[in-house]
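Student: Hi! Could you walk me through this protein, one question at a time?

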Amino acid sequence: MTFQDIFKSGFLENVTSVSLLDMVLALLLAFGLGVFIFFIYKKTFSGVMYSSGFGVTLIALTMITTLVILAVTSNVVLSLGMVGALSIVRFRTAIKEPLDIAFLFWSIAAGIVLAAGMIPLAVFGSVFIGIVLLLFVNRKAHLVPYIVVLSCENHASEMRATEFLKGMVERCVVKSKTVQKGAVELNLEIRLKEDNTDFINTLAEMEGVHNAVLVSYNGEYMG
């Protein structure tokens, strides 16, 4: 192999397979979409502890996916090797919030569509998904389900307390009931009429009611 043959290698020929302008534009657009996804994640987060690191991961994931797809679309042989290499990657980090999975797939999908050259689809699709998430995730507080844990003295105090509660909330459904001698404990799922929980104070002061506890409920845990 001569010195001239080195510069005729397939590796160096692949350097110009993707133009510098295409790379810069794709990565800048990927960064913009990643920032938009991060903004939507920050606005719609409803978990216990907000993680800014996960938001930065969404930006990086969009750009990394764009980078990989640009390389794959420029070389068929490289695409086959990339599939084999990525198939052995395993992630052990647990996803605590179900909505976080949607944001991860959103970042990956935006990077793939953007690198494939479908810029209008990537931009319009991301804006549309962001609007949908803002509308459905950021619901008003009174639409969020709550659990009322009610401890009463007897059946008569139980009836008075439940009748009062049904008149103060939009919806009231008994989830469980525990009866012991001299004590009745109820777990009721409620929907508030408005963002006001002062009725719990009145409920706790009623005759025959030992205590009343109001907790938020998301279908999996109470807190």
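Student: Thanks! How many residues does helix 3 have, and how far does helix 3 reach from its first C-alpha to its last?

Tutor: Happy to help! Helices (H or I, at least four residues) and strands (E, at least two) are DSSP runs, numbered from the N terminus, and residues are numbered from 1 along each chain as its sequence is written. This is a predicted model, where local features need pLDDT of at least 70, side-chain atom pairs count only at pLDDT 80 or more, and totals for chains, interfaces and linings use all residues, while side-chain values use heavy atoms and leave out hydrogens and water. The expected span of a helix is 1.5 Å times one less than its number of residues. Helix 3 (residues 20-44) is close to its expected 36 Å, with 25 residues and a reach of 36 Å.

Student: Which residues of helix 3 are buried?

Tutor: Let's fix the word first: buried means under 20% relative accessible area, exposed over 50%, and partly exposed in between (1.4 Å probe, protein chains only). By that rule, the buried residues of helix 3 are Ala26, Ala30, Leu33, Gly34, Ile37, Ile40, Tyr41 and Thr44.

Student: Which residues does Thr66 contact, leaving aside its neighbours within four places in sequence?

Tutor: Thr66 sits in helix 4 (residues 52-74) and is buried, with a relative accessible area of 0%. One of its partners is reached through a polar contact (a pair of N or O atoms within 3.5 Å; within protein, one must be able to donate a hydrogen and the other to accept it, and residues adjacent in sequence count only if both atoms are side-chain atoms): a polar side-chain atom of Thr66 lies 3.4 Å from the backbone oxygen of Gly111. Counting contacts as heavy atoms within 4.5 Å, Thr66 meets Ala26, Ala30, Gly111, Leu114 and Ala115.

Student: What arc do the buried residues of helix 6 cover?

Tutor: Helix 6 (residues 98-115) has 18 residues, which should span 26 Å, and its end C-alpha atoms are 27 Å apart, in agreement. Its buried residues are Asp100, Phe103, Trp106, Ser107, Ala110, Gly111, Leu114 and Ala115. Taking the directions from the helix axis to the C-beta atoms, these residues lie on the same side of helix 6, because they cover an arc of only 145°.

Student: Which residues are exposed on the other side of helix 6?

Tutor: Here is a handy rule: an α-helix has 3.6 residues a turn, so residues three or four places apart point the same way. On the other side of helix 6 from the buried set, the exposed residues are Pro98 and Phe105.

Student: Why do the buried residues of helix 8 line one face of the helix?

Tutor: The 14 residues of helix 8 (residues 155-168) should span 20 Å, and its end C-alpha atoms are indeed 20 Å apart. Ser157, Glu158, Ala161, Thr162 and Leu165 are buried there. They line one face because, seen down the axis of helix 8, they fall within an arc of 125°.

Student: Which residue caps the N-terminal end of helix 8?

Tutor: Look at Ala156, which is in helix 8 and is partly exposed, with a relative accessible area of 42%. Its backbone nitrogen lies 3.3 Å from a side-chain oxygen of the capping residue, Asn154.

Student: Which residues does Glu207 touch, not counting those up to four places away in sequence?

Tutor: Glu207 lies in the loop between helix 9 and strand 4, and it is exposed, with a relative accessible area of 66%. Its C-alpha atom is 9.9 Å from that of Ala156, although the two are 51 residues apart along the chain. The residues that Glu207 touches are Ser157 and Arg160.

Student: Which side chains are joined to that of Glu189 by polar contacts?

Tutor: Glu189 is found in strand 3 and is buried, with a relative accessible area of 10%. One contact, of 3.1 Å, joins its side chain to Lys175. Another, of 2.7 Å, joins it to Arg191.

Student: How many disulfides does the structure hold?

Tutor: A disulfide is counted when a pair of cysteine sulfur atoms is within 2.5 Å. Cys152 is buried at 0% relative accessible area, and Cys172 also counts as buried, at 18%. The number of disulfides in the structure is zero.
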